[in-house]
Amino acid sequence: MIVKLNGVKKSFPIERGYLKTASGVVNAVDGVSLEIEKAETFGLVGESGCGKTTLGKLILGILKPDAGSIEVGTKKIQVIFQDPQASLDPKMRVYDIVAEGLVLQSSAVRRGGLNLPYGKIAKGQVEEMLDLVKLPKGALNKYPHQFSGGERQRIAIARAVLTDPEFIVCDEPVSSLDVTVQLQILRLLKDVQKKFSITYLFISHDLRVVRFMSDRIAVMKEGKIVEEGPTQKIYSKPDHDYTKLLLDSILNI
Ligand SMILES: Nc1ncnc2c1ncn2[C@@H]1O[C@H](COP(=O)(O)OP(=O)(O)OP(=O)(O)O)[C@@H](O)[C@H]1O
Ligand SMILES: [Mg+2]
């Protein structure tokens, strides 16, 4: 077990009107308990606004829960977001973007007195990562806007993986890409996971994408997990009406 949530709640004030006075709350995450096992992909699916990203942010420690407990058994956490355009600094070259995480880590090592020549180490490792995500070496000196959406997501994956993470929160990582590129990125995420035994929390509103990726799936509705189980079971014998509804909606497209 690498992540354990028990009765986690998070609400936000709803602000309305010109004066933006709070007029109630939205229970974005409303009593969620779950466990994520090491090296598995735990899929979190549900419609827009059901609380998926809020749950991801709570696990990442970006948000603090109002109630309940969150245990994360590693400090080596990374995140990959939906929109690589927004998550990559447009003024930085790919080399610096990818190396950033590593340099931050190495400088912590340096403060510890090891004095590693991290500039040299980083270069070789950055090139290796670029190779891993199947981008050409020439990409190193380019800027994010010079790449397609899929290539930008490869850059984001290289940056995350270079820091040797044990756990990655993937929040809608392929939702802004077209279908063929989605499949390439999902395969890359799977390859990287196998190679480095990384645990994923894989968030998506798209049941097909979640099925392709996940060992176990939780279905979220209005801040609550309404059903959870092995992927095969969720798809072949869903218990909850809401899961059935979601499954029907795929078939009816
Ligand atoms: N910082 C915030 N302040 C106020 N309300 C918020 C905040 N973040 C999220 N919410 C609200 O909490 C609810 C859950 O939002 P969240 O972003 O977690 O949903 P989601 O499942 O990730 O949706 P999507 O599929 O569209 O990404 C929504 O009603 C949203 O408006
Ligand atoms: Mg979201």
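**Close-up views of the predicted model**

**Figure 1. The β8-β9 hairpin.** Strand β8 (residues 216-221) and strand β9 (residues 224-230) run antiparallel and are joined by six bridges. The model shown here and in the following figures is predicted. Lys-221 has Lys-224 in β9 as its bridge partner. Two residues lie between β8 and β9 in this hairpin, and Glu-222 in the turn has a positive phi of about 45°.

**Figure 2. The open sheet that contains the hairpin.** Six strands form an open sheet with mixed pairing, in the order β5-β6-β7-β3-β8-β9. Its edge strands are β5 (77-80) and β9, each of which pairs on one side only. On average, and with direction ignored, neighbouring strands of this sheet are turned by 15° against each other. At the β5 edge, β5 pairs with strand β6 (residues 167-171) in the parallel sense over four bridges. Within this pair, Gln-78 stands opposite Ile-168 in β6.

**Figure 3. The surroundings of ligand 1.** The shell around ligand 1 is formed by Phe-12, Val-26, Ala-28, Gly-46, Ser-48, Gly-49, Cys-50, Gly-51, Lys-52, Thr-53, Thr-54 and His-205. By class, four of these residues are nonpolar, seven are polar and one is charged. At least two residues of the shell come from each of β2 (21-36) and α1 (52-60). The largest share, three residues, is supplied by α1.

**Figure 4. Helix α1 and the residue that follows.** Helix α1, which contributes three residues to the shell around ligand 1, is mostly covered, with seven of its nine residues buried. These buried residues are Lys-52, Thr-53, Thr-54, Leu-55, Gly-56, Leu-58 and Ile-59. Lys-52, Thr-53 and Thr-54 are also listed among the residues around ligand 1. After α1 comes Gly-61, whose phi is positive, near 85°.

**Figure 5. Ile-234 in helix α8.** Ile-234 belongs to helix α8 (residues 231-236). This residue counts as buried because 26 C-beta neighbours lie inside 10 Å, where 20 or more are required. Residues up to four places away in sequence aside, Ile-234 touches Ile-217, Glu-227, Gly-229 and Thr-243. The C-alpha atoms of Ile-234 and Ala-218 are 8.8 Å apart in space, although the two residues are 16 residues apart in sequence. Ile-217 and Ala-218 fall within β8, and Glu-227 and Gly-229 within β9.

**Figure 6. Val-94 in helix α3.** Val-94 is placed in helix α3 (residues 94-111). With 26 other C-beta atoms within 10 Å, Val-94 is buried. Its contacts beyond four places in sequence are with Ala-139, Leu-140, Lys-142 and Ile-155. Tyr-143 lies 49 residues from Val-94 along the chain, yet the C-alpha atoms of these two residues are separated by 5.9 Å.

**Figure 7. The protein chain as the setting of the close-up views.** Nine helices and nine strands make up the secondary structure elements of the protein chain. Of its 253 residues, 36% count as buried. Among contacts between residues at least 6 apart in sequence, 69% join residues at least 24 apart. The pair of Val-94 and Ala-139, shown in the preceding figure, is one of the contacts in the chain.

Notes. Residues numbered from 1 in each chain as written. Chains lettered and ligands numbered in written order. Predicted model: local features only at pLDDT ≥ 70, side-chain atom pairs only at ≥ 80, totals over all residues. Near = placed C-beta within 6 Å. Nonpolar A, V, L, I, M, F, W, Y, C, P; charged D, E, K, R; others polar. Pairing = 2+ DSSP bridges. Buried ≥ 20, exposed ≤ 12 C-beta atoms within 10 Å, placed from the backbone. Contact = placed C-beta atoms within 7 Å. Axes fitted to C-alpha atoms, helices over the stretch in contact; angles between N-to-C directions.
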